[in-house]
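Dear colleague,

Please find the structure below, with notes on what was found in it after that.

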Amino acid sequence: MAAGEVQVYAKVNSKLRGRSAASLLDPLLGMGFPAHTALKALAATGRKSAKEAAEWLRCHCNDPSLDDPIPQEYALFLCPTGPLLEKLQEFWRESKRQCTRNRAHEVFPHITLCDFFTCEDQKAECLYEALKRAGDRMLGSFPPVVPLVLHSSISYLGFFVSEGSADVIREFATIFATEAAVLADCTVKPCTKQLHLTLAHKFYPHHQRTLEQLAKEVNPGHSCQWTAALYSRDMRFVHYQTLRAVFQYKPQNVDELPLNPGDYIFVDPTEQEEASEGWVIGLSQRTGCRGFLPENYTERASECDTWVKHRTYTFSLAADPNSRKDGEASSRQNGEIHPPPRPRSASSLQALQAAIVRRSVLVVRHGERVDQVFGKSWLQQCSTPDGKYYRPDLNFPCSLPRRSHGLKAFENDPPLSSCGIFQARTAGEALLDSGVRITSVFTSPALRCVQTAKHILEELKLEKKLKIRVEPGIFEWTKWEAGRSAPSLMTLEELREANVNVSMEYRSAFPFAALLPAESYDEFVRRCAVSVEHMLSGCPQDGIVLIVGHGSALDSCTRPLLGLPPRDCADFAHLVRKIPSLGMCFCEEVREEGKWELAAPPVKTLTHGSNSAFNWRNWILGN
């Protein structure tokens, strides 16, 4: 052991009370680990045992940041236990099921006592002593029952702590901060504002009533033992997305990351441009190594799933002389405070796996097109005498992509209007907020469909990660298209030049040349059925397959999946006329039963009124 390491070791022993620090550190030093990495491992595992720390060091042997002096961030929370916690967890589950995920689901039920703060690895155990001293000093005055009052606003729902009890709890937090400053040289900022236990945060306004009804079922007077819990997290990944590996993955290339079920992966959303479709770049919490991994082997995890629980102080148990070992017992448990997990049967594991890998198809109609608003003569309205495009109305797009045959080529392949672009972006934003995971994107070759897919992906932050696969087989029924020849559509090269991330490798079910003018209804529905089967054959077995097409696609692309025969031609035409811009149909695969089912789309429909043209000059003169 180097002389510098001996000095660090001596400094640690002089700071820590009792023999626990030395008893944990000595075996690690005896194994040949340097003192600074041994202390880092102890802090990262909650100082539970030398065995856990040694295993952490073994897994992190290739971690490039192992020698970096990056301390953990710590925070103190007041957490409910017992019947109240069970009711709160039931609210967590139901609110996520009925109203989708919100910010409160990222962390377990708690009252925040201080902001996150840093502490050097060699001083971490001093925080445990600070927690014990603060708890012992407040033991006689800590309220046996913490009164909670429900509070609701447009973006927040939770329980406020009544002021009398809140003052006592804030005093406890202040004492802990003072002790931590003296013992561990840490700067801790205790909470001085309204103490609260959050139930829901940053949710959709239309979910407020449902959330309030669920919250009223939680009786805050339920029996509860309040526990002060000290947690830590890796400060480098505060703003990263956290994924949990569901299946094992063995790397096929040197730049890929091995996965074991239960591994947590930190993903930086700003680094995903390098990743191919269906892959992400992440850093493993278990090994500290970075690499590519298949996204469909993972599921979204909560922010607190990677936090480490160090020590707890339960006030009601501390008051009982027979239960003073609570701090020691709880120090052997890590993570969220939950009832003991029940063992899963083989059948329940299979059911869980089937639910995770369920595949869905979302069929979306394109946004409002220019000729829908300005009629068949729209091109004449926006063309200069020398054949250049200009914008005569704000609902015309700012510009048009370049086409080899000039403006004339847009006549039968119109772009989205400005409102159509807004519609597509609004739908994409809603899909992002819903938390759904799009794994593949297909679109009709019509420009309005390609543009809709592009804007949806941009709002989903997937425009560089997922390539749009153009499938001529889901183009509109050509009988409804003008002209006696096949429609003139933009080539893949032209779309790429227009900054659309199209796949050049995708082999479509129907090439452009196979689109017959004025095809029969039977030919059309057969073409769509074959195309849908072809598209899904090359998609992952989970996630959502997004198909952007025409109004007709909501029927012709879903009925084959549902095992339904084609509609009567007249009924089909009548139905399609009623489908609005960005209308959606959603189908889920029930693989256990070998069928697909129609389900509610992940986002609501988009409704708005018309806005007629306005001539200010005629209005003034007319009045």
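The chain exposes about 30,800 Å², of which carbon and sulfur atoms supply 53% (Shrake-Rupley method, 1.4 Å probe; for residues, only the protein chains shown count as cover). This is a predicted model, in which local features need pLDDT of at least 70, side-chain atom pairs count only at pLDDT 80 or more, and totals for chains, interfaces and linings use all residues. Residues are numbered from 1 along each chain as its sequence is written, and side-chain values use heavy atoms, with hydrogens and water left out.

There are 21 helices and 19 strands in the chain (DSSP runs, H or I of at least four residues and E of at least two, numbered from the N terminus). Of the 623 residues, 50% are buried (under 20% relative accessible area, 1.4 Å probe, protein chains only).

The largest nonpolar core (buried Ala, Val, Leu, Ile, Met, Phe, Trp, Tyr and Cys residues joined through side-chain atoms within 4.5 Å) has 57 residues, and Leu 127 and Trp 226 touch the most other members. Helix H7 (residues 163-184) gives the most to this core, 11 residues. Beyond its neighbours within four places in sequence, Leu 127 has contacts (heavy atoms within 4.5 Å) that include Tyr 74, Phe 176 and Leu 230. A second, separate core of 42 residues includes Leu 379 and Phe 475.

His 207 lies in the loop between strand E6 (196-201) and helix H8 (208-216). His 207 counts as buried because its relative accessibility is 12%. Its side chain reaches the backbone oxygen of Cys 99 at 3.2 Å.

Regards

Definitions and conventions
Polar contact = N/O pair within 3.5 Å; in protein donor to acceptor, adjacent residues only side chain to side chain.
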